[in-house]
Amino acid sequence: MATEIALNIRKTFVGCTTIAVQLRLPLDPPSVTILFGPSGSGKTTILRCLAGLEQPEAGTILCHGQIWFDAATHVHVPPQARGLGYMAQNYALFPNYTVEGNIAYGLSGISVQEKKVRVSEVLSLLQIKELAQQKPTQLSGGQQQRVALARAIARRPQLLLLDEPLSALDAPTRIKLCEDLRMLLTRLAIPSVVVTHDWTEALSLGDQMAVLDDGRVLQIGKPQEVFSQPINADVARVVGIETVIHGRIREIRDELATVQVGPVPVIAMASPGLESDVFICIRAEDVTLELAGSSETSARNHLRGTVQTVTSLGALVRVTINCGFLLTALVTRSAQSELRLVIGSDVRAAFKAGSVHLIPRR
Amino acid sequence: MNWMAIWVTCKLATLTSLALLIISLPIAYWLTYSKWRWKFLIESIVALPLVLPPTVLGFYILIAIGPHSPMGHFYTDLVGHPLPFSFQGLLLASILYSLPFAVQPFAATFEQVDRKLIEASWTLGLSKLKTFFKLILPLSTAGLITGVVLSFAHTLGEFGVVLMVGGNIEGVTRTVSIEIYDDVQALNYIGAAKTSALLLVVSYAVLLLVYAMNRRVWSVWPQK
């Protein structure tokens, strides 16, 4: 029996793009799949089809070889019978129940005693024990998110579906809770599908990711690979970040982190909560190319390398440089001809410490 | 004042609104959540008593439950007396007459329950029926009370349907509104004035309750 979710669906909304996707999500070992794309790309619809809240016009959804949906034979397993934990974008907490009531809401078929144990288990797992008797309206955004997560996992679902789990939060809370969510997902070991349009979340949370645009899957792969090696210009445009590479923090001093990337040290702005393993992310438009041996600039990073590929994108040219790792830069056509950038030429890449984003990742 | 008429009226209004509470819940639920494309046909039928003259409605009910109709015949065989000009017949007519006053507020309040909450309940394993009782009903209490109270008030004041279906039998189908009419016919203006004043006060009090209930902020006694 296939330990995966196989999804092959078509869904049209009147006046909107048609969603036509084929996806395979491995369930064993439990992994986190990111559905990544801009708004309107169809990622939420796919999640809702998985949850059984939306019915495609055509296609099939299979989970563990069991048919969840088949348009041809009119099979539609309702959301109640799919054994899911589903978290909507705005958390959809029940306003008439307390936090405890929300979490216990879906627990049926077990004794009152066991219900209590389960509720207190997830309350302490999410560190919200003190909120148990509060009503949802009394909670902050971050607290609501934790309660919604607790409610979703209390039934021990076989699949966890999270729709933009962090987007309703303010930036500082988001960074903190993204970290917590990653640890929780690792600890729970429940196969999960997370919808997001935020690349930092995708990198931080995902084991694999599918890039969606206009209702189609453009690329599937490990987040780091998808971000650093987009298979075409469409993916590059959607993901918007070109260099993603694994590194290890060597030291942090004066809010600057020195990250060892292969043989090369890279200087980056340190953000709180970093551990030793990180992804360093650099946007191609933040990388300046200069001829080797020119004068000093304010940029903290100057890496010597050789040009590996040159791709024309209309007025701009995408250049990848091997400087110990592959770095992508975006320069104008005139700059390319002035610097005589061709495959194999020596060049120096410069970027500011502030242009390097560090994403914690173990 | 004729206390018998007041008693009949109160009994009729109470039973009507209780029956409507039970009957209107499934109708309102269906009207709110059904995706049937011809739903508007049923919506219009439910709203008919709002625009139809009570005499017209009463006439059709009278025909439908009369001893010559299959339904009336069946009822007479079963119970031993015909439905028209009995309290039971009057109750049936009142229920039909006040149906939109319960169904419409119920449907409006169900409509306001966030679809996302209902979906969350489904994904947590609760059937549609359990979701209705554990989530939709508790979130709809204000609308439910509005519907019950409005249909109570509406039944208190009905005249045409009562006259057509109930007749004017003292202690059985003689309601307050008919009492007023009879008083005026008999030139007993004092009696009519007393009963009218009572109906006015009760109706106003009921509407006060409805509007106060539906305020988002309770301004009379502010909440802590």
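Is I34(A) buried or exposed? Select I34(A) and find out: at 0% relative accessibility, I34(A) counts as buried (buried is under 20% relative accessible area, exposed over 50%, partly exposed in between, with a 1.4 Å probe and protein chains only).

Before going on, some ground rules. This is a predicted model, where local features need pLDDT of at least 70 and side-chain atom pairs count only at pLDDT 80 or more, while totals for chains, interfaces and linings use all residues. Residues are numbered from 1 along each chain as its sequence is written, chains are lettered from A and ligands numbered from 1 in the order in which they are written, and side-chain values use heavy atoms, with hydrogens and water left out.

**Stop 1: around I34(A)**

Stay on I34(A) and colour by secondary structure. I34(A) sits in strand 3 of chain A, residues 32–36 (helices are DSSP runs of H or I with at least four residues, strands are runs of E with at least two, and both are numbered from the N terminus). Now show its neighbours. Leaving aside residues up to four places away in sequence, I34(A) touches V194(A), T196(A), E201(A), A202(A), L205(A), G206(A), Q208(A), M209(A) and A210(A) (a contact means heavy atoms within 4.5 Å). For a sense of scale, draw a distance from I34(A) to K115(A): the C-alpha atoms are 32 Å apart, and the two residues are 81 apart in sequence.

**Stop 2: all of chain A**

Zoom out to chain A. You should find nine helices and 21 strands. Along the principal axes, its C-alpha atoms fill a box of roughly 75 × 50 × 40 Å. The radius of gyration is 23 Å, which agrees with the value near 21 Å for a compact globule of 362 residues (taken over C-alpha atoms, with the globule rule being 2.2 Å times the number of residues to the power 0.38).

Buried residues make up 52% of chain A. Of the contacts with a separation of 6 or more, 66% join residues 24 or more positions apart. Switch on a surface and chain A exposes about 16000 Å², with carbon and sulfur atoms supplying 52% of it (Shrake-Rupley areas with a 1.4 Å probe; for residues, only the protein chains shown count as cover).

Next, colour by charge. In chain A the mean positions of the 35 positive and 33 negative charges lie 3 Å apart (Lys and Arg count as positive, Asp and Glu as negative, with His and the chain ends not counted; each charge is placed at NZ of Lys, CZ of Arg, CG of Asp or CD of Glu).

**Stop 3: salt bridges**

How many salt bridges are there over all chains? The count comes to 17 (a side-chain nitrogen of Lys or Arg within 4 Å of a carboxyl oxygen of Asp or Glu).

Pick E164(A) and K43(A): they form a salt bridge whose closest N and O atoms are 3.8 Å apart. E164(A) lies in the loop between strand 8 (159–163) and helix 5 (171–188), and K43(A) in helix 1 (residues 43–51), so the pair ties together parts of chain A that are 121 residues apart in sequence. Both E164(A) and K43(A) are buried.

Then move to K176(A) and D180(A), where the closest N and O atoms of the salt bridge are 3.0 Å apart. These two are four residues apart in helix 5 of chain A, so about one helical turn separates them. K176(A) is partly exposed, at 48% relative accessibility.

For a link across chains, select R48(A), E54(A), R115(B) and E119(B), which are joined in a network of salt bridges.

**Stop 4: chain B**

Hide chain A. Chain B has 11 helices and zero strands, and its C-alpha atoms fill a box of roughly 65 × 50 × 30 Å along the principal axes. Of its 224 residues, 45% count as buried. The exposed area is about 12300 Å², and carbon and sulfur atoms supply 71% of it. Chain B carries 14 positive and 10 negative charges, with mean positions 16 Å apart.

Zoom in on E170(B) and R174(B), whose side chains meet in a salt bridge at 2.9 Å, N to O. E170(B) is partly exposed at 44%, whereas R174(B) counts as buried at 17%.

Finish at helix 10 of chain B, residues 176–185, where seven of 10 residues are buried. Among them are V176(B), I178(B) and I180(B). The buried residues pack against helix 1 (3–33), helix 9 (160–166) and helix 11 (189–213) of chain B. Just past helix 10, look for L187(B), with a positive phi near 60°.
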